[in-house]
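Colleague: Please take a close look at one part of this model, the surroundings of the ligand. I am new to the structure, so plain terms would help.

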Amino acid sequence: MADAPFQIRPAHDGDRLPLAVIFAAVAEERDGIATEPPIDIEVRAASWTLDGTLVAVAGAEIVGSLHIDLSRYGFGEIGMAVAREWRGRGAGSALLAAAIEWARERGLHKLTLAVFPHNEAAIALYRKFGFVEEGRRVKQIRRASGELWDTVEMGLLL
Ligand SMILES: CC(C)(COP(=O)(O)OP(=O)(O)OC[C@H]1O[C@@H](n2cnc3c(N)ncnc32)[C@H](O)[C@@H]1OP(=O)(O)O)[C@@H](O)C(=O)NCCC(=O)NCCS
């Protein structure tokens, strides 16, 4: 399939269901994000925090999203996911570029995130935009399997 141009825009109410469906599918991979199944899609859709969420749209289809959780202390914490079949085509880069602009416009001084050390695609994406590794939390996340996974903390000063 040819490279698709992605439109990045703030999420709105009608995006709740596709956002939750993508999130649940990514959770099923049990690899890149901390959340694991089971996910109640209806509940997740209803409780999605739209404020601070950007979506990547190809045609009429939502293919990924990024959320910035605003702290009270001037930084924002990022979480993001792109639908598996749309990865490697620039949606993640487009979302992150828009998020950095969004954060600068709001006067944040920093963006942060936590990523699993094995998540090479995500770490490469974050490094590409200037995020640096700031530390490692050891055995931070307990998986459903019982495994304990480290996280790498990354940050970008704006
Ligand atoms: C991480 C993720 C959001 C990246 O989204 P994407 O749309 O595939 O990203 P892009 O196509 O814009 O690629 C961005 C960069 O990542 C790197 N990259 C992408 N896929 C890669 C891979 N399989 N291996 C190594 N690096 C990769 C490249 O450096 C690429 O930049 P380039 O195209 O300029 O070389 C996506 O893989 C994803 O949703 N993964 C599952 C959920 C997840 O891990 N979320 C992050 C949690 S911290």
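Modeller: Helices (H or I, at least four residues) and strands (E, at least two) are DSSP runs, numbered from the N terminus. Strand E4 (75-82), helix H3 (91-105), strand E5 (110-115) and helix H4 (120-128) each bring at least two residues to the shell around the ligand. H4 contributes the most to this shell, six residues. The model is predicted, with pLDDT of at least 70 needed for local features and 80 or more for side-chain atom pairs, while totals for chains, interfaces and linings use all residues. Numbering runs from 1 along each chain as its sequence is written, and side-chain values use heavy atoms, without hydrogens and water.

The ligand has 22 residues around it (a heavy atom within 4 Å). Val-82, Gly-88, Ser-93, Asn-119 and Lys-128 come nearest. By class, 13 residues of the shell are nonpolar, six polar and three charged (nonpolar: Ala, Val, Leu, Ile, Met, Phe, Trp, Tyr, Cys and Pro; charged: Asp, Glu, Lys and Arg; polar: the others, Gly among them).

Next come the polar contacts (N or O pairs within 3.5 Å). An oxygen atom of the ligand is 2.7 Å from a polar backbone atom of Val-82. Met-80 also takes part through its backbone, where a polar atom is 2.9 Å from a nitrogen atom of the ligand. At Ala-121, a backbone N or O atom and an oxygen atom of the ligand are 3.4 Å apart. On its own the ligand has 930 Å² of accessible area, and the protein covers 71% of that (Shrake-Rupley method, 1.4 Å probe).

The ligand sits in the largest pocket, with more than half of its atoms within 2 Å of the grid points. A pocket is an open set of points on a 1 Å grid over the protein atoms alone, where a 1.4 Å probe fits, with protein on both sides within 12 Å along at least five of seven lines; lining residues have an atom within 4 Å of a point. This pocket holds about 1200 Å³ of space, the volume filled by probe spheres on the points. It is lined by 48 residues, and Ile-33, Gly-79, Met-80, Ala-81 and Tyr-126 are the closest to its centre. Met-80 thus appears in this group as well as in a contact with the ligand. E4 supplies the largest share of the lining, six residues. The lining counts 24 nonpolar, 15 polar and nine charged residues.

Notes: Polar contact = N/O pair within 3.5 Å; in protein donor to acceptor, adjacent residues only side chain to side chain.
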